[in-house]
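Work through the exercises below with the sequence and the model open. Each task is followed by a solution in steps.

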Amino acid sequence: MKKILLAFVMVLVVGAMQAQDEVLFEFSDGIEGAVKQTMEQNTSRLLTAINRAQSTGKDINYSGIGIDDLASQSIGMMWNNVRFRVVDDDIVEHCLRIRASNGRVIGYQARNIAVVMKPIDDSYIGDLNQEICINYDPSGRISDFNITMGLQQYVRLMKEGERLNDADRRMQILHWVEQFRNAYVQKDINFMEDVFSDDALIVTGKVVKRQHTDMRPIAKVEYTTQGKQQYLNGLRRVFRNNAYINVKFDDIQIVRHGAKPNYYGVTLKQGWFTKNYSDEGIVFIVWDFTDEFSPKIMVRTWQPTVVEDDDVFTLSNFKLQ
Amino acid sequence: MRTKSIKKVLLLGLSLLLATVAVAQQTTSKEINKIKRSTSYLYAEATMETEQDAYDVAYELLVQQIDEYIASKRKLSKAPNVLVKDLKSKSDSLTMMRGEMHRVFIYVKKSDIEGVDNFVNLALDDGPQVVEDAVVEVPAEDDKEAAETSSGEVKEAAEPPVAKEEVAAEAPMPTPVAAEKVQNPLPTWQQEAVGQLLESTDMASFRAKLNRLKAEYKVKRFGTPDKCPSVANSFWAIFDTGGRLVTILGPGENIRIDYRVMQHSSLDVYKGRTALWFTFAK
């Protein structure tokens with residue numbers, strides 16, 4: 001009798017634990033019909049699988065989920081560094097449309113899905129409360145998965161995009177910038193190989209002298225330039241030597257090139273955190289969106305935050321061929 | 001024995017309190033989802049470290065939602081830059097904690113924004129603004145020397161945004177020194193650039209535009225007052241205490257042109273205000 005009771009209690013406990021992992025996801029607007037249903041089903045299953053894997057300490061089981069290899073690999077790389085769990089069990093969100101420059105819908109996006117980080121060890125440096133965004137292809141299959149940047153920046157950039165009538169392009173840029181940031185966090189050297197143009201120019205500034213005058217401290221900055229492979233070799237070493245890397249992008253500004261409309265200059269404040277080292281700098285990236293499905297980074301510069309507003313690199317500092 | 005009983009009662013009380021908080025959170029969450037599922041509302045939400053930040057961002061998002069909704073309505077498509085009148089009183093909000101973060105959910109009934117009579121220019125009701133940048137107060141013309149030699153005192157932008165009415169009550173906008181309209185002396189491309197800059201609502205977007213104009217070789221230099229090499233030869237953008245752009249003043253020793261109202265004014269009128277300077281390329 002005792003054994004039966006114990007078995008019954010066990011079944012109840014397991015059932016309750018599984019129910020605790022269950023997530024129901026729904027779109028309130030922005031999409032209708034069969035694709036909506038497919039996206040909702042894929043998202044609910046994926047978020048439930050993430051919670052289940054976190055509860056049981058196992059890997060995420062993607063069976064029955066319509067998800068691209070690239071997206072599951074992206075989650076896997078994140079999972080190897082830090083585990084996380086979806087906060088809400090019932091989620092309703094707007095469906096955002098991602099459009100190509102000709103206005104055609106090339107995918108969809110869900111944002112604002114709250115997750116709480118469950119670090120594996122004390123090497124984790126970063127906020128425990130984060131938000132993720134999920135991208136879908138036009139058929140509703142999950143095509144990408146990223147931790148999002150601050151909502152304030154998103155709002156500001158989209159507002160600016162509405163005024164300049166390039167909101168769709170800004171959404172694409174933001175998505176690529178989010179992927180670029182996540183590639184550092186996930187130590188995804190393959191993404192870096194793909195995203196940097198073969199003839200990319202990488203400029204890094206270093207403060208060599210600070211002169212204190214009566215007026216204000218003046219910093220002297222020296223710059224070194226690297227090619228793509230030289231930069232990536234250094235990055236490989238950094239990835240190898242650090243258990244966890246957290247990169248934050250803030251104060252993002254997007255400027256379109258006046259004469260070359262497919263080139264965009266993105267300026268942002270980058271925070272770099274590892275267990276033994278951290279710094280803050282201004283990163284300027286020139287994106288070439290000639291192929292909007294596979295944009296390339298032509299220039300990436302890093303400057304210490306002590307540089308004058310006026311000396312921060314902009315598109316005007318580079319002659320683009 | 002008695003201590004044990006007190007401990008038990010305290011523990012029970014604490015458990016009940018936690019349970020009540022959890023139930024309240026769940027109820028709010030359910031209410032939010034109910035509104036989201038309803039087709040009668042437009043909504044937006046944000047989760048941030050402070051409730052005020054979350055409210056401000058959610059408000060901005062709601063304004064975007066309303067803009068998109070209006071644009072999608074054919075009968076109103078000719079008025080894309082409109083916003084429901086008195087949005088703050090028409091909208092409602094729900095707040096809850098999410099871990100240590102504050103989640104604010106704002107919603108408005110679609111029926112409250114469908115009457116054309118309800119619409120006014122966005123500029124007349126632009127809602128609360130976040131002061132995003134650390135700013136330096138504008139120097140008076142008399143203080144030019146000091147501005148050029150001092151390191152400049154950076155004022156932390158930690159004050160919470162204040163309602164528009166409060167700003168007006170505490171710090172009335174200065175009036176121009178002369179009421180006559182003046183001719184615009186700038187070449188056309190500079191007039192266009194100033195026009196674009198005047199459309200900025202806050203300092204962050206103003207800086208973004210300056211950066212863009214610099215990339216287009218139109219703006220040569222810009223910065224905070226403590227770094228201005230020549231106060232008289234620079235344009236000055238003036239911001240109010242809420243971080244909103246008030247106007248742009250042209251170059252000049254004492255008399256400058258206020259490009260918002262195209263009347264004469266002076267930098268002294270805005271003494272103590274936050275500001276940015278810039279110069280155009282030749």
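Contact here means heavy atoms within 4.5 Å. The model is predicted.

**Exercise 1. Size the interface.**
Find how many residues each chain gives to the contact, and state the area buried between chain B and chain A.

*Solution.*
Step 1. Take the residues on each side. Chain B gives 44 residues and chain A gives 36 residues.
Step 2. Turn to area. The size of an interface is often given as the accessible area lost when the parts come together.
Step 3. Read the value. About 3,600 Å² is buried between chain B and chain A. Carbon and sulfur atoms give 46% of that area.

**Exercise 2. List the polar links.**
How many salt bridges and how many residue pairs in polar contact are there between chain B and chain A?

*Solution.*
Step 1. Count salt bridges. There are four between chain B and chain A.
Step 2. Check one of them. A:E26 pairs with B:R37, with the closest N and O atoms 3.0 Å apart. The cut-off for a salt bridge is 4 Å, so this pair qualifies.
Step 3. Count polar contacts. Nine residue pairs between the two chains are in polar contact, both residues at pLDDT 80 or more.

**Exercise 3. Describe the chain B side.**
Which elements of chain B give two or more residues to the side that touches chain A, and how do the residues divide by class?

*Solution.*
Step 1. Name the helices. They are helix 1 (2–37), helix 2 (51–72), helix 4 (144–149) and helix 7 (203–215) of chain B.
Step 2. Add the strands. They are strand 1 (41–48), strand 4 (101–109) and strand 6 (219–223) of chain B.
Step 3. Find the largest share. Helix 7 of chain B provides it, with nine residues.
Step 4. Sort by class. This side of chain B has 21 charged, twelve nonpolar and eleven polar residues.

**Exercise 4. Weigh the confidence.**
Where in chain B does pLDDT fall below 50, and what are the scores of the model?

*Solution.*
Step 1. Start with the average. Chain B has a mean pLDDT of 70, and 68% of its residues score at least 70.
Step 2. Locate the weak stretches. Residues 75–83 of chain B stay under 50, with 23 contacts beyond four places in sequence. Residues 115–179 of chain B are also below 50; this stretch has 148 contacts beyond near neighbours in sequence.
Step 3. Compare elements. Helix 5 (residues 164–170) of chain B has the lowest mean pLDDT, 29. Strand 7 (residues 235–239) of chain B has the highest, 91.
Step 4. Read the model scores. They are ipTM 0.73 and pTM 0.61.

Conventions
Residues numbered from 1 in each chain as written. Chains lettered and ligands numbered in written order. Predicted model: local features only at pLDDT ≥ 70, side-chain atom pairs only at ≥ 80, totals over all residues. Heavy atoms only, no water. Buried area = accessible area lost by both parts, 1.4 Å probe. Salt bridge = Lys/Arg side-chain N within 4 Å of Asp/Glu carboxyl O. Polar contact = N/O pair within 3.5 Å; in protein donor to acceptor, adjacent residues only side chain to side chain. Helix = DSSP H or I, 4+ residues; strand = E, 2+ residues; numbered from the N terminus. Nonpolar A, V, L, I, M, F, W, Y, C, P; charged D, E, K, R; others polar. pLDDT = per-residue confidence, 0-100.
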